[in-house]
Each structure stands twice: as structure tokens, then as C-alpha cells.
Amino acid sequence: MSMPIQLIINDILIPTTTHDRYQCYEEELKVQLTMISGRMVEEVRGVVQKIVYSYDYMEDDKCREVLGVLRAKGTKTVAYLPDDGSELVTSVFLVESLTPPTLAFFRNGAAKWHNLSFVLREVRPHA
């Protein structure tokens, strides 16, 4: 039985992760201002999708492929599994943060990488 697809970035299939290592949720874009009177106001400018992902042990070839797409400059076309649906949704994202993996060990001469993680943020707000 194959694992369901959670994430595709620029046509690169990202390995499905489990055990609380994938989050996809909407986040309000808002600005809080303090007025001269001391009163605080908040302006909601829209909602963006955020994706938080981490993977424990990744094969060397796949890790290099994933890092290549994440480190590339510019926006990414991402198909993602939202927290409120079971079908992939596509939008444009930027990499907000990237924690590079560490080399865990070698197996049969091939590197195994550990703890790759990243956060993606949708470029354009909606709603």
C-alpha cells in the first residue's frame, strides 16, 4: 500500500511524513497599531496558507532533490494537503524558513540525512 501524497513542490514529490511532522493551516495576516490615544487596533489584511514540514531519515538522492527545490530562488508552485480537505490544493508559496538536515549515518555507502524541516507561506492572501 502506498502512502498518500501530502506535498509536491515544483513537480518534485516530497516524501510523505507522519507522527506530527506535517501541518497545513490558514494564518491571518494582520497588523497591530497603537494609536496616539494608546488604544490598540488590529487590521486583518487577509489569510494565507502555512505549511510546516519535517522528515526524520531521508535517502541521499531524495534529500538533494528536495534541498535543490527549496534552495532555488523565487516562488514555488505547491500542491498541498490542507487540514480541512482530502484533495490536494495548488497555490504559490515562498520558503519562510529552512533547517538543513544533518548527516545521520551511512548505510551501504549511502548517506542518510536526518531532521530536514521547512516552513512555506502562501504568497498572496485570500479571504
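# A walk through the strands, core and salt bridges

Ile-5 lies in the segment before strand E1, which covers residues 7–9. The model is predicted. Ile-5 is partly exposed, because its relative accessibility is 40%. Together with Leu-13 and Leu-88, Ile-5 makes a nonpolar patch on the surface. The area of this patch is about 230 Å².

From the surface we turn to the interior. In soluble globular proteins, nonpolar side chains tend to be buried together. Here the largest nonpolar core contains 20 residues. Leu-7, Ile-9 and Ile-51 have the most contacts inside it. Many elements feed this core with two or more residues: E1, strand E2 (12–14), strand E3 (22–34), strand E4 (40–59), helix H1 (60–71), strand E5 (76–80) and strand E8 (110–122). Helix H1 gives the most, with 5 residues.

Ile-51 is a good place to pause. Set aside its neighbours within four places in sequence, and Ile-51 still touches a long list of residues. Leu-7 is one of them, and so are Tyr-22, Gln-23 and Cys-24. Val-78, Tyr-80 and Phe-93 are in contact with Ile-51 as well. Phe-118, Val-119 and Leu-120 complete the list.

Next come the strands. E3 and E4 pair in the antiparallel sense, over 13 bridges. These two strands form a hairpin, with 5 residues between them. In the turn sits Gly-38, whose phi is positive, about 100 degrees. Along the pairing, Val-31 stands opposite Glu-43 in E4. Strand E4 has a further partner: E4 and E8 run antiparallel and are joined by 9 bridges. There, Met-58 has Trp-113 in E8 as its bridge partner.

Charged side chains add another layer. How many salt bridges does a search of the whole structure find? The count is 9. One of the salt bridges joins the side chains of Arg-21 and Asp-56, at 4.0 Å from N to O. This pair links distant parts of the chain, 35 residues apart. Arg-21 is in the loop between E2 and E3, while Asp-56 is in strand E4. Arg-21 counts as partly exposed because its relative accessibility is 28%. Asp-56 is also partly exposed, since its relative accessible area is 21%.

Another salt bridge joins Lys-50 and Glu-27. Their closest N and O atoms are 3.4 Å apart. Again the pair links distant parts of the chain: Lys-50 in strand E4 and Glu-27 in strand E3, 23 residues apart. Is Lys-50 buried or exposed? Lys-50 is buried, because its relative accessible area is 8%, and the limit for buried is under 20%. Glu-27 has a relative accessible area of 28%, so Glu-27 is partly exposed.

Glu-43, already met opposite Val-31, has a salt bridge too. Its side chain meets that of Arg-45, at 3.6 Å from N to O. Glu-43 is partly exposed because its relative accessibility is 41%. Arg-45 is exposed, because its relative accessible area of 53% is over the 50% limit. Elsewhere, salt bridges that share partners join Glu-27, Lys-50 and Glu-96 into one network.

Conventions. Residues numbered from 1 in each chain as written. Predicted model: local features only at pLDDT ≥ 70, side-chain atom pairs only at ≥ 80, totals over all residues. Heavy atoms only, no water. Patch = residues over 30% accessible without salt bridge, like charges linked within 9 Å, V, L, I, M, F, W, Y side chains within 5 Å. Areas by Shrake-Rupley, 256 points an atom, 1.4 Å probe, with all protein chains shown as cover. Helix = DSSP H or I, 4+ residues; strand = E, 2+ residues; numbered from the N terminus. Buried < 20%, exposed > 50% of the residue type's maximum accessible area, 1.4 Å probe, protein only. Core = buried A, V, L, I, M, F, W, Y, C linked by side-chain atoms within 4.5 Å. Contact = heavy atoms within 4.5 Å. Pairing = 2+ DSSP bridges.
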